[in-house]
Amino acid sequence: MRATAFVSLLLLAAGSASAGVIETIAGTGESSLGASRGPALELNIGQPFGVEIAERGGTTSLYVTEVENHRVFRIDLSSGEARVIAGTGEQGFGGDGGLAAEALLNEPYEVRIAANGDIFIVEMVGARVRRIDATMGTISTVAGTGEQGYGGDGGPATTAQLNRPHSIALDGRGGLYVADIGNHRIRRVDLASGLIETIAGTGEKAPPVDTSVATGRPMLGPRALHIVGDKLWIALREGHSVWRMDLTTRVLTHVAGSGDQGHRDGAAKQATFNGPKGIVSSDDGSRVWVVDTENQCIREIDVAAETVSTVAGSGPESIGFGGDGGPAAGAKMGRPHGITVHSDGALYIGDTNNHRVRRVLPGG
């Protein structure tokens, strides 16, 4: 297939999300600690939060954080087989320097994969960011002391305090970004030097300022981060809105959400969200998908058209489980959190309280 035709098909798929069909690809609906490997549909995944796709060595894998049982799974999307790559199922902290599968984790919220295959995990209750070495499979701490709080800017990230960190993002240029939600800040770790700094937020519980430099100004509840190129996409949980930061200038742009709680589609800046907790964008940044957790749905922002629509989940009154095999927009969800998008246009969602990972296949 010619490259231009392939790209056109991907754009068509991405543009057809509102006509998508939903299905479950992992989890049984049970949350108790279960087996650590086997067919993904036969494994318990207690409260899946973060989901992330990575393609490496000819294999496409989906990584899933299991918050309730303190583990991280890798699912082979071709075979449907899954196995735990980090965490024993016991809550705590331990194992640095050893194999990740033998380490203790403390509520892993999100996972990101570096270009070299290293795996980064943020632990919300553990107040740390940890890294799994792609070659050795060993785990180490790259940020946070494990004590909730604020401090350490300008020094080593491993001696800095984080406060309920929720999300992380990698810029591909040696920067690790942390949504330090309890401190109402976004912080950046230079992975080469190991130093940490605040790039947005002051600790004040106030909304950001549109078209301003983020550093030294408020950042209200930054819950979810995603980077494409030199743009950092930010979903504000308490701020019920979506913003974009230019990583070169650190200037913020208000993209969607009035700041009020609600569930209203339409013009982007007049649309309403309710506690968004996940975000991902297309590679070209033209579309952004937001996990609108308290509305039990997935919203799509058409950046050029400046509109918001609901593409999965039937709204705040429909919490529960249902709809597999049918239109995604008519499905029920249970406080979803994480989201990622495949190159074929399919959306993968951590449907948290349903203890399942679900996929929205693009319509056509």
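In the predicted model, strand E4 is mostly covered, with seven of its eight residues buried. E4 spans residues 59-66 and is flanked in the pairing pattern by E3 and E5, as described below.

E3 and E4 run antiparallel and are joined by seven bridges. Among the residue pairs, Arg-56 has Thr-59 of E4 as its bridge partner. The two strands form a hairpin with two residues between them, in which Gly-57 adopts a positive phi near 60 degrees. E4 is also joined to strand E5, which comprises residues 71-76, by six bridges, and this pairing is likewise antiparallel. Here Tyr-63 is bridged to Arg-74 of E5. The hairpin of E4 and E5 has four residues between the strands, and His-70 in the turn has a positive phi of about 60 degrees.

The strands of these hairpins also contribute to pocket linings. The second largest pocket has a volume of about 320 Å³. It is lined by 18 residues, of which Arg-74, Arg-83, Ile-85, Ile-119 and Ala-134 are the closest to its centre. Arg-74 is thus both a residue close to the centre of this pocket and the bridge partner of Tyr-63. Two or more lining residues are given by each of E3, E4 and strand E6 (81-86), and E4 gives the most, with three residues. By residue class, the lining divides into 10 nonpolar, four polar and four charged residues.

The largest pocket contains about 1100 Å³ of space. Its lining consists of 43 residues, and those closest to its centre are Glu-52, Ile-53, His-226, Ile-227 and Asp-283. The elements that give two or more residues to this lining are helix H1 (3-14) and the strands E3 (48-56), E7 (108-113), E11 (165-170), E15 (222-228), E20 (278-281), E21 (287-292) and E24 (339-341). The largest share, five residues, comes from E3. The lining of the largest pocket divides into 18 nonpolar, 14 polar and 11 charged residues.

E3 therefore appears in both descriptions, as an element that gives two or more residues to the lining of the largest pocket and to that of the second largest pocket, under the element assignment by DSSP runs. E3 is also the strand joined to the mostly covered E4 by seven antiparallel bridges.

Technical notes: Residues numbered from 1 in each chain as written. Predicted model: local features only at pLDDT ≥ 70, side-chain atom pairs only at ≥ 80, totals over all residues. Heavy atoms only, no water. 1 Å grid on protein atoms, 1.4 Å probe; cavity = no way out; pocket = protein on both sides within 12 Å on 5 of 7 lines; lining within 4 Å. Points joined across faces, edges and corners; volume = space filled by probe spheres on them. Nonpolar A, V, L, I, M, F, W, Y, C, P; charged D, E, K, R; others polar. Buried < 20%, exposed > 50% of the residue type's maximum accessible area, 1.4 Å probe, protein only. Pairing = 2+ DSSP bridges.
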